[in-house]
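Colleague: Could you take me through one part of this model in detail, giving the cut-offs as you go?

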Amino acid sequence: RVESADENTKAEFEGLLERIDSDSFSDRQQAYRELTDHIAKYSALLNESDDWRKLSPDAISRLEKLRDRYRQRFEDVDSLITKAAWTDDPNYLVELLDKVPAKRAAAITERLKSVTGQNFGIDETRWRRWLIEQNRSAE
């Protein structure tokens, strides 16, 4: 999941919303391009924001198009992960532990427990030791 944006990003996003609804076609295009080019930066705000009633139909259409495009990217990535069975691979899951915020690690460790039958919590070092032992015994 994408983390919520900081105050500066929120302010930039609000400015882009104003510009995407501008009377000037070039301003609308420029704002749309900036949102598109930095979609990862603004994605949380784009997905959280449904109060676009004050915007013109053109602006709403552009924002919905962006949101749908970004959601499709996530669906494509989710599909790849599922097809590759990465969520069933303890090596992949342990690698994820140091790449996610601590509050997200619990979901990974739950999956590790389910796949391996082991329970080392969010202790990445213990998981890595266990993987090394498993790889040695498999040789």
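How do the residues of the lining of the largest cavity divide into nonpolar, polar and charged?

Modeller: This is a predicted model, in which local features need pLDDT of at least 70 and side-chain atom pairs count only at pLDDT 80 or more, while totals for chains, interfaces and linings use all residues. Residues are numbered from 1 along each chain as its sequence is written, and side-chain values use heavy atoms, without hydrogens and water.

The lining of the largest cavity divides into three nonpolar residues, one polar and two charged. The structure holds one cavity of 30 Å³ or more, a cavity being a set of points on a 1 Å grid over the protein atoms alone where a 1.4 Å probe fits but cannot get out. The volume of the largest cavity is about 40 Å³, taken as the space filled by probe spheres set on the points, which are joined across faces, edges and corners.

Its lining (residues with an atom within 4 Å of a point) is made up of Thr36, Ile39, Leu66, Arg69, Tyr70 and Arg73. In this grouping Ile39, Leu66 and Tyr70 are nonpolar, Thr36 is polar, and Arg69 and Arg73 are charged. With four residues, helix H4 (residues 57-84) gives the most to this lining, a helix being a DSSP run of H or I of at least four residues, numbered from the N terminus; the four are Leu66, Arg69, Tyr70 and Arg73.

Another arginine, Arg62, lies within the residue range of H4, and its charged end sits over the ring of Tyr32, 5.5 Å from the ring centre, where the cut-offs are CZ of Arg (or NZ of Lys) within 6 Å of the centre and within 35 degrees of the ring normal.

Methods
On a 1 Å grid over the protein atoms alone, a cavity is a set of points where a 1.4 Å probe fits but cannot get out, and a pocket is an open set with protein on both sides within 12 Å along at least five of seven lines; lining residues have an atom within 4 Å of a point. Helices (H or I, at least four residues) and strands (E, at least two) are DSSP runs, numbered from the N terminus.
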